Amino acid sequence: MSEQAADAATETFLAHRNLLFTVAYELLGSAADAEDVLQETWLRWVKVDARHVKDQRAYLVRITTRQSLNRLRSMKRRKEAYVGPWLPEPLLTAPDVAEDVELAESMSMALMLVLETLSPTERAVFVLREAFETSYDDIAAAIGKSPAAVRQIAHRARRHVDARRPRQAVSPDQARAAVESLRYALETGDSRGLLDVLAPEVVLVSDGGGVKHAALRPVIGADKVVRMLLGGLRKVEGTLTGEPTVVNGNVALLVRLNGEIDGILAVRVEDASITGLYYVRNPEKLTRVAAETPLTLR
């Protein structure tokens, strides 16, 4: 490749890098693996004669999707051996991302967990179609299936996700209010206040990865969740604080113990009550909460 062609390839790749990272992350739930996929995408892209590529954005998304699918299948073994529940790696995002309803929903911890229940192919089809509005023809080219087959997979995946996604979206202001109530209740040990902000059927999922203490199974029900949270706080030696932040485009708490990051507590809010709590404590998954990660669907 000539130096001029290499410069042009680099410019094109960098112009779409945030989009490609978002695609890879939504497919994998891991920023580290998404970065590896982008490196693999770049290595393949620089070998392509771009003069023969009509839609360079679509072509790059196609490469990224194929590499993500390969990695997603290999990640299955890692997840099967994982200690306790596996949660996606949280990303610190700009506050205005929460105002982008489409992006915030597609990146939410709650939806990312639902996507974990899909097969790799179903996940790729759903993400490309629903989040990125990719055409059936382009998805077919990316995953190596016919457009007709892609339509069937998309319908099946959408039905599966719709049955499990949050029932009612709330405004960013409502979500912030719920998280502020949660923060205050946790910092003051107010069990009544905590019960008031949690839905009766709330589910707590905690991810310590075998490195930090965490429940090995989801905790279901407001009373059990309150007992676990406040019981755990009583055993903590030091000061635990919650700092409101925006993670994956949604309001969350950055939890600190004696000033040091202990974890990210993401939430799912429905009807002004918290129905899902997702606490990521695994240190290996907290490397992207110090600086904002730029994300885009377009």
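In this predicted model, Leu-43 sits in helix H3, which spans residues 31-45. With a relative accessibility of 41%, Leu-43 falls in the partly exposed class, because that class covers whatever lies between the under 20% cut-off for buried and the over 50% cut-off for exposed. Leu-19 is 24 residues away from Leu-43 along the chain, and the two C-alpha atoms are 17 Å apart.

Helix H2 (residues 17-28) holds Thr-22. Is Thr-22 buried or exposed? Its relative accessible area comes out at 0%, so Thr-22 is buried. Leaving aside residues up to four places away in sequence, Thr-22 makes contact with Met-107, Phe-132, Leu-295, Thr-296 and Leu-297.

Back in H3, there is some charge pairing to look at. Searching the whole structure turns up 24 salt bridges. One of them joins the side chains of Arg-78 and Asp-33, with an N to O distance of 2.9 Å. This pair ties together distant parts of the chain, since Arg-78 belongs to helix H4 (residues 56-80) and Asp-33 to helix H3, 45 residues apart. The two ends are not alike in accessibility: Arg-78 is partly exposed at 47%, whereas Asp-33 is buried at 5%. Neither residue stands alone, either: Asp-33, Asp-36, Glu-40, Arg-71 and Arg-78 are joined in a network of salt bridges.

A second salt bridge brings together the side chains of Glu-105 and Arg-165, at 2.4 Å from N to O. Here too the link spans distant parts of the chain, with Glu-105 in helix H5 (residues 101-107) and Arg-165 in the loop between helix H9 (147-162) and H10, 60 residues apart. Glu-105 has a relative accessible area of 36%, so this residue counts as partly exposed.

The salt bridge between Glu-180 and Arg-183 is a local affair. Their side chains meet at 2.5 Å, N to O, and both residues lie in helix H10, three residues apart, or about one turn of the helix. Glu-180 is partly exposed at 34% relative accessibility, while Arg-183 has a relative accessible area of 16% and is therefore buried.

Turning to helix packing, how do H8 and H9 lie relative to each other? The axis of helix H8 (residues 136-143) comes within 9 Å of the H9 axis, and the two cross at roughly 95 degrees. The two helices are therefore roughly perpendicular, because angles of 65 to 115 degrees are counted that way. On the H8 side the contact involves Tyr-136, Asp-137, Ile-139, Ala-140 and Ile-143, and on the H9 side Pro-147, Val-150, Arg-151, Ala-154 and Arg-158. By type, the residues of this contact are seven nonpolar and three charged, with no polar ones.

The strands come next. Six of them make up an open sheet with mixed pairing, in the order S2-S1-S6-S5-S4-S3. Strand S2 (219-220) and strand S3 (240-247) are the edges, each pairing on one side only. In general, the strands of a sheet pair through backbone hydrogen bonds, in a parallel or an antiparallel arrangement.

At one edge, S2 pairs with strand S1 (residues 198-207) in the antiparallel sense, over two bridges. Leu-204 faces Val-219 of S2 in this pairing. At the other edge, S3 and S4 are also paired in the antiparallel sense, over eight bridges, and Gly-242 has Val-255 in S4 as its bridge partner. S3 and S4 form a hairpin with two residues between them, and Asn-248 in the turn has a positive phi of about 55 degrees.

Which helix lies across S3, S4, S5 and S6? That is H10 (residues 172-188), which runs at about 20 degrees to S4 and lies across S3, strand S4 (250-257), strand S5 (260-270) and strand S6 (273-280). Helix H12 (residues 222-234) packs on the sheet as well, touching S1, S2, S3 and S6, with its direction at about 50 degrees to that of S1. H10 is also the helix that carries the Glu-180 and Arg-183 pair described above.

How values were computed:
Residues are numbered from 1 along each chain as its sequence is written. This is a predicted model: local features need pLDDT of at least 70, side-chain atom pairs count only at pLDDT 80 or more; totals for chains, interfaces and linings use all residues. Side-chain values use heavy atoms; hydrogens and water are left out. Helices (H or I, at least four residues) and strands (E, at least two) are DSSP runs, numbered from the N terminus. Buried means under 20% relative accessible area, exposed over 50%, partly exposed in between (1.4 Å probe, protein chains only). Two strands pair if DSSP finds at least two bridges between them. Contact means heavy atoms within 4.5 Å. Axes are lines fitted to C-alpha atoms, for helices over the stretch in contact, and angles run from 0 to 180 degrees between N-to-C directions. A salt bridge is a side-chain nitrogen of Lys or Arg within 4 Å of a carboxyl oxygen of Asp or Glu. Angles under 35 degrees count as roughly parallel, over 145 as roughly antiparallel, 65 to 115 as roughly perpendicular and the rest as oblique. Ala, Val, Leu, Ile, Met, Phe, Trp, Tyr, Cys and Pro count as nonpolar, Asp, Glu, Lys and Arg as charged, and the others, Gly among them, as polar.
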